[in-house]
Amino acid sequence: MSELPGDAVGVGLVGLGTIGTGTARILLEHAELIRERLGHPLELVRIADLDLGSDRGIDLSGFDCSSDWRDVIGDPRVGLVVELVGGTGVAREIVIAALEAGKGVVTANKALLAHHGFEIYETAARCGIEIGFEASVAGTIPVLRALREGLCADRLEQVFGIVNGTCNYILSEMDEHGEPYESCLKRAQDLGYAEADPSFDVDGTDSAHKLAILCGLAFGVQIGPEEIATEGIEKISAVDIDYARRFGFRIKLLAIAKRSEAGLEARVHPTLLPCESMLARTGGAMNAVEVRGQKSGPTVYYGAGAGADPTASAVVADLMELARSRKLGPAAGGVRVPPLGTPTLRALPVRRLEDLEGEFYLRFDALDRPGVLAHLAGALGDRDIGIASLLQLEERRSEAVPVVLLTHRVKEAALRAALAEVARLGDICSTPRLLRIEREL
Ligand code: HSE
């Protein structure tokens with residue numbers, strides 16, 4: 001075991017996957033720059049990973065490596081532990097054990113924080129230890145820091161945006177190049193954007209995890225991902241992307257949270273956005289988050305939301321922040337800012353989707369026979385649902401023709417009831433495609 005220079009802060013890294021490798025690379029390549037900015041070295045001293053044999057393009061010979069994460073926490077040189085294992089099982093053990101051993105913790109693990117964040121924050125507070133998790137939401141973008149500190153004087157009302165790089169990459173490629181969903185997903189995996197299990201990306205789970213964290217910081221609320229209505233992009237087809245464009249929209253997977261007198265809105269779903277809007281123009285694996293506050297108004301945060309280097313850059317920035325606090329020591333007051341920016345979290349009821357009002361895109365596969373449109377319009381009209389636009393192009397897929405319409409503003413419960421009625425008509429062949437429209441975002 002090599003000695004650490006007296007003024008250095010030692011880092012232990014658990015998990016040498018995509019982000020872990022990126023983190024090691026930045027610590028090595030930017031060692032001098034980091035030393036200059038901190039005034040002392042930040043040294044990677046120990047690494048744990050189950051696979052130490054694969055070539056990751058970095059020289060690990062100078063580090064103590066083992067397959068047991070306990071070796072990292074037990075190493076007296078390690079002051080800061082980086083957890084990049086992912087998942088909610090062993091990762092939780094690592095984080096809790098590190099905090100209880102008095103080590104600062106940095107993690108990019110949104111699933112862990114969404115499910116066990118409150119236990120982890122309480123442990124951190126009890127132990128008087130800081131935890132950094134900037135990389136858990138929107139990759140390299142310092143939006144959590146902005147919420148925790150830059151906007152801390154304001155009462156925030158909305159936070160929304162594109163927080164999953166994989167989905168944004170897939171939807172952008174499908175839209176811009178007409179590529180099939182599967183090949184876009186495969187490339188997002190090859191580029192290191194996707195989760196180990198990419199179904200978490202495409203089914204919206206990853207965005208819901210991130211939204212739960214954002215809600216904690218923006219509104220000081222304790223909310224779990226299971227309270228967030230979540231829909232993914234798996235069913236978005238080239239047909240919907242094409243029709244949306246004809247109506248002047250692009251489809252994006254959005255995470256949306258709003259706080260009002262009525263409670264908290266928190267939802268993740270594919271959304272039609274006007275083509276000219278900032279979020280609609282956020283392409284590739286980029287993320288964009290907008291925050292709206294009573295006094296601060298709108299602020300927008302844009303950048304790389306996924307990928308090894310951008311995400312690792314946020315991990316190392318957290319390490320630098322925690323290293324600075326370590327240097328000040330407990331005499332300076334311990335934890336400077338609580339993880340969610342407040343020691344007092346409250347519970348807010350989350351509103352049901354059915355109770356929300358909005359405009360909708362509906363695509364029906366209708367039998368090509370007289371009277372179908374009249375039936376459809378009748379079923380919607382009976383529930384006071386106005387049709388804003390309608391498109392039926394001369395294209396036949398099997399027995400059915402697509403009929404696509406946009407509604408005026410309506411309560412989702414009324415729309416669902418009308419769709420149940422439509423299903424009984426007998427001239428609509430399959431479950432209609434329903435997508436929500438947001439014009440104001
Ligand atoms: N799989 C995630 C994404 C990585 O695509 O956004 C960044 O959290």
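Trainee: In this predicted model, how far does a polar side-chain atom of lysine 110 lie from an oxygen atom of the ligand?

Mentor: Lys110 is among the closest of the 13 residues that surround the ligand. A polar contact requires a pair of N or O atoms within 3.5 Å. The pair formed by the polar side-chain atom of lysine 110 and the ligand oxygen meets that cut-off, at 2.7 Å.

Trainee: Which residue places a side-chain N or O atom 2.8 Å from an oxygen atom of the ligand?

Mentor: Aspartate 201 has a side-chain N or O atom 2.7 Å from a ligand nitrogen atom, so it does not fit the 2.8 Å description, which concerns a ligand oxygen atom. The residue asked for is lysine 210.

Trainee: What share of the ligand's accessible area does the protein cover?

Mentor: On its own, the ligand has 260 Å² of accessible area. The ligand sits in the largest pocket. There, the protein's cover of that area amounts to 94%.

Trainee: Which elements give two or more residues to the shell around the ligand?

Mentor: By class, this shell has four nonpolar, four polar and five charged residues. Two helices, spanning 165-177 and 205-219, each give two or more residues to the shell. They are α7 and α10.

Technical notes. Residues numbered from 1 in each chain as written. Predicted model: local features only at pLDDT ≥ 70, side-chain atom pairs only at ≥ 80, totals over all residues. Heavy atoms only, no water. Near = heavy atom within 4 Å. Polar contact = N/O pair within 3.5 Å; in protein donor to acceptor, adjacent residues only side chain to side chain. Areas by Shrake-Rupley, 256 points an atom, 1.4 Å probe, with all protein chains shown as cover. 1 Å grid on protein atoms, 1.4 Å probe; cavity = no way out; pocket = protein on both sides within 12 Å on 5 of 7 lines; lining within 4 Å. Sits in = over half its atoms within 2 Å of the grid points. Helix = DSSP H or I, 4+ residues; strand = E, 2+ residues; numbered from the N terminus. Nonpolar A, V, L, I, M, F, W, Y, C, P; charged D, E, K, R; others polar.
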